[in-house]
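Here are some friendly notes to read with the structure open beside you. They start from one small pairing and work outwards.

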Amino acid sequence: MADFRLKAEDAGQSAGLLERAKAGEIGAFDEVMRLHEKQVLNTALRLLGNLQDAQDAAQETFLRLYKSLNRLPDVLAIKSWLYRVTVNVCNDMHRQRRRRAWEPLSGSDPASSLPDPELAWTHQERGHLLEVALQTLPRKERAAVVLRDVQGLSTREVAGILGSSEVTVRSQICEARGKLKKFTDRYLRKHL
Amino acid sequence: MNCSDWEREIAGEAECEGLEEHLQGCEHCAAFARELEANRVALRELVAPAAAFDAVRRRVLQQIQAKKRRAVWWGWSAVAAAACVAILCVSFVAPRMRNPLAPEPFEANMDPPAIQWTPKPIHHRSSGRLTAKAAPAQKTEPFVVKMLTNDPNVIIIWLVDQKGDSL
């Protein structure tokens, strides 16, 4: 799994790109989007649990980025800014949207549709089950665990993005992980 | 600390002393830690399909270009509106700003009125007058013609100058 955190050398290479994007060059902004699309869309997908909603959220996030390019000093600032805006946009969409049916990215109900559920409890199935489990978490806990465990950010970075203290974030992550595990345990007890 | 406390420490990534030793000795907590790690790895492997990224970028670029086109259109509309206002000002307001008592300006393209003029023949008299101005006029006696009638009491006197015109 690739680590989407931005490194210093990436920032140096992207500095010129950012300047060209600020100057209004569409091709440069396209490149900036390519650099950050995984970060934005995957975060939105984990927070919303629905690909269509996630695409809408990512689109809105990038449009906000385009409007705010001149206010962002460097690529490192874009990274954390994008996380913050993605979380905010997803929270707004969560409040506004009518609850859409959860759609797994691939396959249907994990394990249960296969002939031998015990054999089917694979890594991939665990992932699909966790997709469902994530949607059962409270909004703040879900954001914390997605940024920490899916995006691989440090607790300090997560706290900065969510505007909380590190202690609060650590507590939210602890709660979320415990709930996810209980969810998978209950599911396995029921189906295996 | 019991296992429940240790589970909380594991899930919260607390770096408390004795955790490693507890994990080595407690299979329950070690399994709990392995489960959490498996969940974390599985979560990281959940990614959107590649086509979804292209679709998002395409939609964003389309919106940006549409906005740019709208901005250009509004810009030209503003220029056209300003030009119309300027033309209206020039054609309606500016003439009323002038002095209403001032004479109408001479229209250069207007034809001058046709004048029927035929040169008069030059008479000696006018030239004579001019010469008379230049030099003192000579006194000439009118030429008198007397016509006698049958009646001795009636005499027709006809005064004629030297050129033959009647006086």
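1. A good place to begin is B:M147, which stands opposite B:I156 in β2(B). Strands here are DSSP runs of E with at least two residues, helices are runs of H or I with at least four, and both are numbered from the N terminus. Please keep in mind that this is a predicted model: local features need pLDDT of at least 70, side-chain atom pairs count only at pLDDT 80 or more, and totals for chains, interfaces and linings use all residues. Residues are numbered from 1 along each chain as its sequence is written, while chains are lettered from A and ligands numbered from 1 in the order in which they are written.

2. Strand β1 (residues 143-148) of chain B is joined to β2(B) by six bridges, and the two run antiparallel; strands count as paired if DSSP finds at least two bridges between them. The hairpin that links β1(B) to β2(B) passes through six residues. Strand β2 (residues 155-160) of chain B lies largely in the open, because the number buried among its six residues is zero. Buried means that 20 or more other C-beta atoms, placed from the backbone, lie within 10 Å of a residue's own; exposed means 12 or fewer, and partly exposed is in between.

3. Stepping back, chain B has five helices and two strands, in the order α-α-α-α-α-β-β from the N terminus. Of its 167 residues, 7% are buried.

4. How many residues does each chain bring to the contact? Chain B gives 27 and chain A gives 35, where contact means C-beta atoms, placed from the backbone, within 7 Å. On the side of chain B that touches chain A, α1, α3 and α4 (50-96) each supply at least two residues. The largest share there, ten residues, is from α4(B).

5. In chain A, helix α9 (residues 166-191) has 26 residues and reaches 37 Å from first C-alpha to last, close to the 38 Å expected, that is, 1.5 Å times one less than its number of residues. Its buried residues include A:V169, A:I173 and A:L180. Both chains help to cover the buried residues of α9(A): the cover includes α6 (123-134), α7 (139-150) and α8 (155-162) of chain A, together with α1 (3-11) and α3 (27-44) of chain B.

6. One more residue to look up is A:A44. Leaving aside neighbours within four places in sequence, A:A44 is in contact with A:A54, A:A57, A:A58, A:T86 and A:C90.

Terms used
Contact = placed C-beta atoms within 7 Å.
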